[in-house]
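Biologist: I am new to this structure. Please show me how to read its features, one at a time.

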Amino acid sequence: MALMRLCSSLLLAYVFLSCLYTTSFLFLCPFVRDCSTSFALDVSKLRAGFLWTRQVFGDVFSGSATSYGDLAPTTRALVTRQAASYTNLDDFYPDWSLEWFAMPESRFLSKAFSNSMHPMKIFPYFYKASESFEEDDITITTLVTPNRFEVLRKLASRYEGPLSVTVHIPLPTSSSKSSSPTLYNSLLALHALVTNSPALAARADIHLVLSPFPRAFNAWRNLARLLARTTYMLLLDVDFAICTDWRASVRALLRDGANPVAKRVREGSAALVLPAFEYVKQAEGRDQGVFPRDKHALLDLVRANRIAPFHASFVAGHNSTDYRRFYAAKPGEIYKVTQYQPAYEPYVVVKKDAAGWCDERFTGYGGNKAACLFEMYLSGVSFYVLSDHFLIHQSHAYEEEARRSERRYNRKIHSDFKEETCLRYLKRFSDQGILNTTRARNAQEECRKIKGIGKIVMQLGFASGLRR
């Protein structure tokens, strides 16, 4: 009899524990990151987990959620609640965090640069800056090849802010021993450059790219931008000299809460243009030490016909800056670019996360940087010119034969690129229901100029109007 009672008690205890285990597994597993079939029974942990789950979901759905950081279940519940009153993507909780998620660097870079020309090996932060900077600082993003190392050193010595630099070194295209010394010597030259330049060592993050393609400029621009560590950046070619303290002026502007242009830059819907100039005689433009350091000195040289707008013979490239207005502007004036052209390629300060990256189909000379700015403009970014500041190009010889052949290639893809980019942004704005808003105005105005797309713009605009 006693044995029967003992067996009955054990059976009841087993049933109770089995029910408790099953309940804990089925109910709590969806909310526990590392839950598995090896879930260990711990009554204290079980009780704590139950109370945590009840509090998280109870508070969130009741509208009184407390601060549980970036816990994924909290965010899932909040997103679900927000979906009930969804009108656009901005309604959703913005801080979905994946800090717990680790991805191999090689996989991330493989996806990020899947449209680039391969083979290409990327070494992020091959040299990392020793100084740290405030998050709202402005990083110069640029690219350089070994023959321009000295110009990079000069840029770093003139600019006291952070730099994110893609350094491309040609990858040998064969396994012959004669190819290896070039790669090896280039890496030694890079090391000597960094170690002998305190400014570079302190302020420049250098990202190494090894590939056999000599001028994949847009892929290199995207890499420097992707790995910049501040909120804002200046998209710049390495052979432009910093002549004025635009960094201090722009940072002060961006901290002005009342300035409408600054507000747009902070939102990622505006970019600030630094007008570009060059010396009329190349021989005069080789020594940055004699470049003008303020606008008054610049205008003296312009009036003397010694300095002119950069690439003045190619009007579409920079004329939208409106140099006449720049010359006459009052101190501190900021004016909007009103005559945009698709080939416009200014050097701009913009939020790093602003829409519009560089299309990596463009390699070599001709239209590569303009493609970056064209997509940025279509995304809704307007350009504003800083009338107190400027950049000057340091003269150097161009590879004329390569420029001619590469420009022919880029012209062939430019029309397709413009059509594809227009259709992509028009559809995006239409799907978001913002096609008839100021955000989409640039895309509407520019894309209706393209043969065959103007009709689509009108149809989408009419349909969008009906939906509203």
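**Reading the model**

Modeller: Start just past a helix. α14 is followed by G380, whose phi is positive, near 115°. Keep in mind that this is a predicted model.

Biologist: How many residues of helix α14 are buried?

Modeller: First, the general idea. An α-helix has 3.6 residues a turn, so residues three or four places apart point the same way. Now the case here. Helix α14 covers residues 368-378, and eleven of the eleven are buried, so the helix is largely enclosed by the rest of the structure. Among the buried residues are K369, E375, L373 and F374. Buried here means under 20% relative accessible area.

Biologist: Next, the sheet. What is the order of its four strands?

Modeller: The order is β6-β13-β8-β9. The sheet is open, and its pairing is mixed. At the edges are β6 (240-242) and β9 (307-309), each pairing on one side only. Neighbouring strands are turned by 40° against each other on average, direction ignored.

Biologist: How many bridges join β6 to β13?

Modeller: Three, and the two strands run antiparallel. Strand β13 spans residues 391-393. For one bridge, take F240: its partner in β13 is H393.

Biologist: Now charges. How many salt bridges does a search of the whole structure find?

Modeller: The idea comes first. Side chains of opposite charge can pair when their charged atoms come close. The search finds 21 salt bridges here. One of them joins the side chains of R251 and D136, at 2.7 Å from N to O. R251 lies in helix α9 (residues 246-254), while D136 lies in the loop between β1 (121-127) and β2 (138-144), so the pair ties together parts that are 115 residues apart in sequence.

Biologist: Are R251 and D136 buried or partly exposed?

Modeller: R251 is buried, at 12% relative accessible area. D136 is partly exposed, at 28%.

Biologist: Which residues are linked with R251 and D136 in a network of salt bridges?

Modeller: E134, D137, R247 and R255 are linked with them.

Biologist: Let me see another pair. How do I read D359 and R361?

Modeller: Look at the distance, then at the exposure. Their side chains meet in a salt bridge, 3.0 Å from N to O. D359 is buried, with a relative accessible area of 14%. R361 is partly exposed, with 31%.

Biologist: And what is the N to O distance for R325 and E333?

Modeller: It is 3.4 Å, in a salt bridge between their side chains. R325 counts as partly exposed, at 37% relative accessibility. E333 also counts as partly exposed, at 23%.

Conventions:
Residues numbered from 1 in each chain as written. Predicted model: local features only at pLDDT ≥ 70, side-chain atom pairs only at ≥ 80, totals over all residues. Heavy atoms only, no water. Pairing = 2+ DSSP bridges. Axes fitted to C-alpha atoms, helices over the stretch in contact; angles between N-to-C directions. Buried < 20%, exposed > 50% of the residue type's maximum accessible area, 1.4 Å probe, protein only. Salt bridge = Lys/Arg side-chain N within 4 Å of Asp/Glu carboxyl O.
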